[in-house]
2 protein chains.
Amino acid sequence: MVLVRQELGDVLRDFRLQKAMTLRQVASRASVALGYLSEVERGQKEASSEILASVAEALGTPVSVIMREVGDRLAVVEGISTVPDTLPDELVAEFDADLAVR
Amino acid sequence: MVLVRQELGDVLRDFRLQKAMTLRQVASRASVALGYLSEVERGQKEASSEILASVAEALGTPVSVIMREVGDRLAVVEGISTVPDTLPDELVAEFDADLAVR
């Protein structure tokens, strides 16, 4: 079962580390208990919408950016992410021609 | 304050209606109380990750699709969605020239 809180915890942690902030700093800014935030980051506690909004603000990151990142990571877990085709068209045509020959 | 549960409720309701399912059908398939699901759809209750996974399965919609939709709608609420520019470049140039004259 794919659990949103686990991906959400990872995303919150990654954004925090990107901003080089400590758990204590984010918890303090968001007026959230340190232990609670730590459990949220480890995917052990659900964050209410109000807490999530506070933490997002403390991180200086819009909630939408957090949720989109959660959605993207869940898509990978669910195996339905679309990997962008970065190969030049000519190369793809070459591969296809090669496959057709075999 | 932008609340995830309100957008999530709207998204779950919209996906359910798209599939022409009743609250009762989804609640039954997801083994969730009807009243609880109704409150989740109205943004009055937080859905735990387990409940969300069950409801997503009942709707036949991956959790990632639901969370991405939530993220997209939140971006609109937060005013940071990127609206694609559908105006032809010449028209944009015309507007800019017009503004410069005033």
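Me: Copies are superposed by least squares on the C-alpha atoms of residues with pLDDT of at least 70 in both. In this predicted model, what turn and what shift lay chain A on chain B?

Reply: A turn of 180° does it, with a shift of 0.1 Å along the axis, and the RMSD is then 0.9 Å. The two copies are therefore related as by a two-fold rotation axis. As for the surface they use, it's the same one in both: 100% of the contact residues of chain A recur in chain B.

Me: Which residue of chain A comes closest to that rotation axis?

Reply: That's Arg68(A), whose C-alpha is 2.5 Å from the axis.

Me: What makes up the contact between the chains, and how many residues does each one put in?

Reply: Residues count as being in contact if their C-beta atoms lie within 7 Å. Chain A puts in 22 residues and chain B puts in 22 residues. On the side of chain A, the elements giving two or more residues are α1 (4-18), α4 (49-59) and α5 (63-77). With 8 residues, α5(A) gives the most. Sorted by kind, this side of chain A has 13 nonpolar, 4 polar and 5 charged residues.

Me: Let's look inside α5 of chain A. Why is Ile66(A) called buried?

Reply: Ile66(A) sits in that helix. The bar for buried is 20 or more other C-beta atoms within 10 Å. Ile66(A) has 22 such neighbours, so it counts as buried. Leaving out residues up to four places away in sequence, Ile66(A) touches Val11(A), Phe15(A), Ala56(A) and Thr61(A). Take Val11(A): it is 55 residues away along the chain, yet the C-alpha atoms of the pair are separated by 6.9 Å.

Me: And Gly79(B), Ala20(B) and Ser31(B): why are these called exposed?

Reply: The cut-off for exposed is 12 or fewer other C-beta atoms within 10 Å. Gly79(B) has 8, so it is exposed. Ala20(B) has 7, so it is exposed too. Ser31(B) has 10, so it also makes the cut.

Me: Where in chain B do those three lie?

Reply: Gly79(B) is in the loop between α5 (63-77) and α6 (89-101). Ala20(B) belongs to the loop between α1 (4-18) and α2 (23-30), while Ser31(B) is in the one between α2 and α3 (34-41). The last two have something else to show: phi of Ala20(B) is positive, about 55°, although it is not a glycine, and Ser31(B), also not a glycine, has a positive phi near 55°.

Me: What makes a group of residues a nonpolar core, and which members of the largest one touch the most others?

Reply: The members must be buried nonpolar residues, such as Val or Met, joined through C-beta atoms within 7 Å. The largest core has 40 residues, and those touching the most other members are Val55(A), Met67(A), Val70(A), Val55(B), Met67(B) and Val70(B). Beyond four places in sequence, Val70(A) touches Val4(A), Glu7(A), Leu8(A), Val11(A) and, from the other chain, Met67(B). Nonpolar side chains tend to be buried together in soluble globular proteins.

Me: How many helices and strands does chain A have, and what share of its residues counts as buried?

Reply: Chain A has 6 helices and 0 strands. Of its 102 residues, 32% count as buried. Among contacts in chain A between residues at least 6 apart in sequence, 61% join residues at least 24 apart.

Note on methods
Residues are numbered from 1 along each chain as its sequence is written. Chains are lettered from A and ligands numbered from 1 in the order in which they are written. This is a predicted model: local features need pLDDT of at least 70, side-chain atom pairs count only at pLDDT 80 or more; totals for chains, interfaces and linings use all residues. Two residues are in contact if their C-beta atoms, placed from the backbone, lie within 7 Å. Helices (H or I, at least four residues) and strands (E, at least two) are DSSP runs, numbered from the N terminus. Ala, Val, Leu, Ile, Met, Phe, Trp, Tyr, Cys and Pro count as nonpolar, Asp, Glu, Lys and Arg as charged, and the others, Gly among them, as polar.
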